[in-house]
Amino acid sequence: DKQADTQRMMALTSMIVSILGVALLLLPIISLARMESISPVLSTFLIANTGIVAAYITGSALSKTKMK
């Protein structure tokens with residue numbers, strides 16, 4: 001249904017953005033001083049995105065077990 005598709009897309013987008021954010025930090029484009037200043041914001045961002053993905057996975061698992 002439409003809600004499940006929306007949740008799946010939100011979790012997928014969250015996961016991709018998290019991976020790209022970490023990959024961007026690993027590139028030599030960003031200086032260490034800048035990386036240190038953005039570190040608290042990035043860690044909060046990654047924790048929030050991980051929570052979105054975890055909630056989606058948990059919801060999917062619970063809905064499948066309740067259907068049986």
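Buried means a relative accessible area under 20%, exposed means over 50%, and partly exposed lies in between, as found with a 1.4 Å probe on protein chains only. The model is predicted, so local features need a pLDDT of at least 70 and side-chain atom pairs count only at pLDDT 80 or more, while totals for chains, interfaces and linings use all residues. Residues are numbered from 1 along each chain as its sequence is written, and side-chain values use heavy atoms, with hydrogens and water left out.

**Exercise 1. Place Asp 5 in its helix, decide whether Asp 5 is buried or exposed or in between, and find the partner with which Asp 5 forms a salt bridge.**

Step 1. Asp 5 lies in helix 1, where helices (H or I, at least four residues) are DSSP runs numbered from the N terminus.

Step 2. The relative accessible area of Asp 5 is 42%, and Asp 5 is therefore partly exposed.

Step 3. A salt bridge is defined as a side-chain nitrogen of Lys or Arg within 4 Å of a carboxyl oxygen of Asp or Glu. Asp 5 forms such a bridge with Arg 8, and the closest N and O atoms are 2.8 Å apart. The structure holds 1 salt bridge.

Step 4. Side chains of opposite charge can pair when their charged atoms come close. Asp 5 and Arg 8 are separated by about one helical turn, because they are 3 residues apart in helix 1. Arg 8 also counts as partly exposed, at 43% relative accessibility.

**Exercise 2. Describe the span of helix 1 and name its buried residues.**

Step 1. Helix 1 has 25 residues and reaches 36 Å from its first C-alpha to its last. This is close to the 36 Å expected at 1.5 Å a residue, where the expected span is 1.5 Å times one less than the number of residues.

Step 2. Ala 11, Ser 14, Ser 18, Gly 21 and Leu 25 are buried in helix 1.

**Exercise 3. Work out which residues Ser 14 and Asn 49 touch, leaving aside those up to four places away in sequence.**

Step 1. Ser 14 has its place in helix 1, which covers residues 2–26, and with a relative accessible area of 6% Ser 14 is buried.

Step 2. Taking contact as heavy atoms within 4.5 Å, Ser 14 touches Asn 49, Ile 52 and Val 53, when residues up to four places away in sequence are not counted.

Step 3. Asn 49 lies in helix 2 and is buried, with a relative accessible area of 9%. Leaving aside neighbours within four places in sequence, Asn 49 is in contact with Ser 14, Val 17 and Ser 18.

Step 4. For a view along the chain, the C-alpha atoms of Asn 49 and Met 10 are separated by 9.7 Å, with their positions 39 residues apart in sequence. The C-alpha atoms of Asp 5 and Asn 49, 44 residues apart along the chain, are separated by 18 Å.

**Exercise 4. Find which helix gives the largest share of the lining of the largest pocket, and sort the lining by class.**

Step 1. The residues that line the largest pocket are Ala 4, Gln 7, Arg 8, Met 10, Ile 52, Ala 55, Tyr 56, Gly 59, Ser 60 and Ser 63. Helix 1 and helix 2 (32–67) are the elements that give two or more residues to this lining.

Step 2. Helix 2 supplies the largest share of the lining, 6 residues.

Step 3. By class, the lining has 5 nonpolar, 4 polar and 1 charged residues, where Ala, Val, Leu, Ile, Met, Phe, Trp, Tyr, Cys and Pro count as nonpolar, Asp, Glu, Lys and Arg as charged, and the others, Gly among them, as polar.

Step 4. Gly 59 is found in helix 2, and with a relative accessible area of 35% Gly 59 is partly exposed.

Conventions
1 Å grid on protein atoms, 1.4 Å probe; cavity = no way out; pocket = protein on both sides within 12 Å on 5 of 7 lines; lining within 4 Å.
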